[in-house]
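Reader: Please give me a close look at one aromatic side chain, and then place that residue in the wider fold. I should like the geometric criteria stated along with the values.

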Amino acid sequence: MVEVYELWIVIVSLIVVKLSHWIYQWRNPRCNGKLPPGSMGFPIMGETFQFMKPHDALQFSAFVKERILRYGPVFRTSLFGGNAIMSMDNELNMEIAKTTHIPGVPKSITRLFGENNLFVQSIESHKHVRSLTFQMLGSDGLRIRTMKDIDLLSHKHMEEGARKGFLDVKETLSTILIECLAKKVMGDIEPGSAKELALCWRNFPSGWFRLPFNFPGMGVYNMMKVSIFSNLISNIYMHKLNDGGRDGIVSWQARKRMMKLLKEAVLKKITSGEELGEFFKIIYGEKDTMSVDKAIEYIYTFFLIANETTPRILAATVKLISKNPKVMEELQREHAEIFRGKKDKEASLTWEDYKSMTFTHMVINESLRITSTVPVVLRTPDHDIQVGDNTIPAGWIFMGYSSVHFNPEKYEDPLVFNPWRWKGKDLSALVSKNYIPFGAGPRLCVGAYFAKLMMAIFIHYLCRYRWSMKAEITVTRSYVLMFPHGCDVQISEDTKVDN
Ligand code: HEM
């Protein structure tokens, strides 16, 4: 007869064998060819923690640098619960950007955007929704539809900041963005809903893809879980938000609450026959293909991406300017000239004014170059791709870095912030073979013109003051740009440049 302890030995041995097999498979994933060199890290977590370790925002992380030295420019890893290939090979990046259509977003993050999101669906719906978006955010759309709103909001917020004596760059641009987009989506909405929406966005957990595994207690899970206590918590949450308190905020309510707010505002308007915002009308206009839910989900994703990128890049740009007195001086000169040229000093900026900001465009281009220390081409190949002896397997996430931005053959002293290197170059181009801050190919960022416009207008109003940023303010990266000491600028009514 088999003794109990013998049975236990058999069970434990089976578990150990199974576990070892699983770990072996994890470390040596299947591939119809030879995988690029690299390590898959620990099961499930992969190398996510090492990858997310904060680093100097103006350089590639130690994670990337070490692996390039160890494995070469193309290597494999595992991040956010998915298998990934990282590439510093610019030619390969451009090739994949042009030929691969499926976005490279780990499943855990796709869930946050919504499984039915138009951006992760078919090529046709993706093309369609992109062309609709360009009606709004392409340069004609911006000139006709959006520029004035950004101008008025930037002017207003800058004056408010000057009255207070300081202004948080990231928060302020985030508020401008939300106020501008909310109006474009929902038209005029009740001040209460607008305020609540803005608060939800402002307090949205910014590290939304820091730990996006769908485990209880972790980022995405927390944001997505539907709790029976949701109504109760929601009241407490909104109470805290209205108090302006940020500590202890129940972050997982943010997504749900925002989707609900957007939907309620839109449905209310549809039922009462009230006018919706232009953006919603453009997106929803084709009722045969678009449900309200799909339109809202798309718009939500859009808000999320816009809010996680531009305010941070702008804050980093302002920091770079503050550290370079010559750049600051040249900007003050350019904007004083635009201001002096205006008969009516309170008049909004025109499209011609925007186009005339040559040096500002040089500063923005340079800032986008030097802050692009994250992957900019994110795709999932639908078939195996052969690269020399190695194979990039179908279904893996491809993460292409803008290594070309730091190539000394293309940019002299690439680690130096030098806007003058853009002199005489085409400043309106969003992408070239040596410049890819907004990605490339069919998935080139749809918000690129909008982002550049917002940054330029903000810089214009900032430069109507003498301003400074404290030296202790630093910019780090943990995938997104971070500001451990905040990103306030000091401005005041006394320092307004009087012309
Ligand atoms: C300076 C700010 C921004 C930067 C650096 C940036 C960068 C990027 C990058 C690198 C991509 C991926 C492209 C690829 O895989 O080839 C992307 C995609 C995207 N961006 Fe931006 N972005 C910015 C601002 C914005 C804004 C303001 C919006 C919305 C208003 C936006 C909306 C999107 C969308 C919707 C996509 C997905 C496009 C697609 O899959 O077709 N971005 N962005």
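What does W420 count as in terms of relative accessibility?

Author: W420 counts as partly exposed, with a relative accessibility of 36%. Here, buried means under 20% relative accessible area, exposed means over 50%, and partly exposed lies in between, with a 1.4 Å probe and protein chains only. The model is predicted, so local features need pLDDT of at least 70 and side-chain atom pairs count only at pLDDT 80 or more, while totals for chains, interfaces and linings use all residues. Residues are numbered from 1 along each chain as its sequence is written, and side-chain values use heavy atoms, with hydrogens and water left out.

The protein has 499 residues, 54% of them buried. It contains 18 helices and 11 strands, that is, DSSP runs of H or I with at least four residues and of E with at least two, numbered from the N terminus. Of the contacts (heavy atoms within 4.5 Å) with a separation of 6 or more, 73% join residues that are 24 or more positions apart.

W420 takes part in ring pairing. The structure holds 11 aromatic pairs; rings of Phe, Tyr and Trp (its six-membered ring) pair if their centres lie within 6.5 Å, and planes under 30 degrees apart count as stacked, over 60 as edge-to-face and the rest as tilted. One of these pairs is F80 with Y479, which is edge-to-face because the ring centres are 6.5 Å apart and the planes stand at 75 degrees. F80 sits in the loop between β2 (74-79) and β3 (82-87), and Y479 in the loop between β9 (476-478) and β10 (480-482), so this pair ties together parts that are 399 residues apart in sequence. Both rings belong to buried residues: the relative accessible area is 6% for F80 and 14% for Y479. The pair that involves W420 is formed with F359; the centres are 5.0 Å apart and the planes at 45 degrees, so the pair is tilted. It links distant parts of the chain, with F359 in helix α17 (residues 358-371) and W420 in the loop between β8 (397-401) and α18, 61 residues apart. F359 is buried at a relative accessible area of 5%, whereas W420 is partly exposed. Ring pairs also join F51, F63, F80 and Y479 into a cluster.

Helix α17 also carries R369. This arginine is buried, with a relative accessible area of 0%. Leaving aside residues up to four places away in sequence, R369 touches H405, F406, Y411, P414, V416, R421, W422 and Y435. Its side chain reaches the backbone oxygen of H405 at 2.7 Å; such a polar contact is a pair of N or O atoms within 3.5 Å, where within protein one must be able to donate a hydrogen and the other to accept it, and residues adjacent in sequence count only if both atoms are side-chain atoms. R369 and F406 are 37 residues apart along the chain, and their C-alpha atoms are separated by 8.4 Å.

The ligand is surrounded by 25 residues, of which H126, R130, R379, R443 and C445 come nearest; a residue is near if one of its heavy atoms lies within 4 Å. An N or O atom in the side chain of R443 is 2.6 Å from a ligand oxygen. Backbone atoms take part as well: L378 places an N or O atom 3.3 Å from an oxygen of the ligand, and a polar backbone atom of A440 is 3.4 Å from a ligand oxygen. Two or more residues of the shell come from each of α6 (123-137), α14 (292-322), β5 (375-379) and α18 (448-462). Helix α14 gives the largest share, 6 residues.

Strand β8 reappears around helix α4 (residues 90-99), whose buried residues are N90, L92, N93, M94, I96 and A97. Their cover includes β2, β3, β5, β6 (385-387), β7 (390-392) and β8. At the N-terminal end of α4, D89 acts as a cap, with a side-chain oxygen 3.1 Å from the backbone nitrogen of E91. P393 lies in the loop between β7 and β8 and is buried, at 5% relative accessible area. Beyond residues up to four places away in sequence, P393 touches C31, L35, I85, P381 and D384. P393 and N32 are 361 residues apart in sequence, yet 7.4 Å apart in space from C-alpha to C-alpha.
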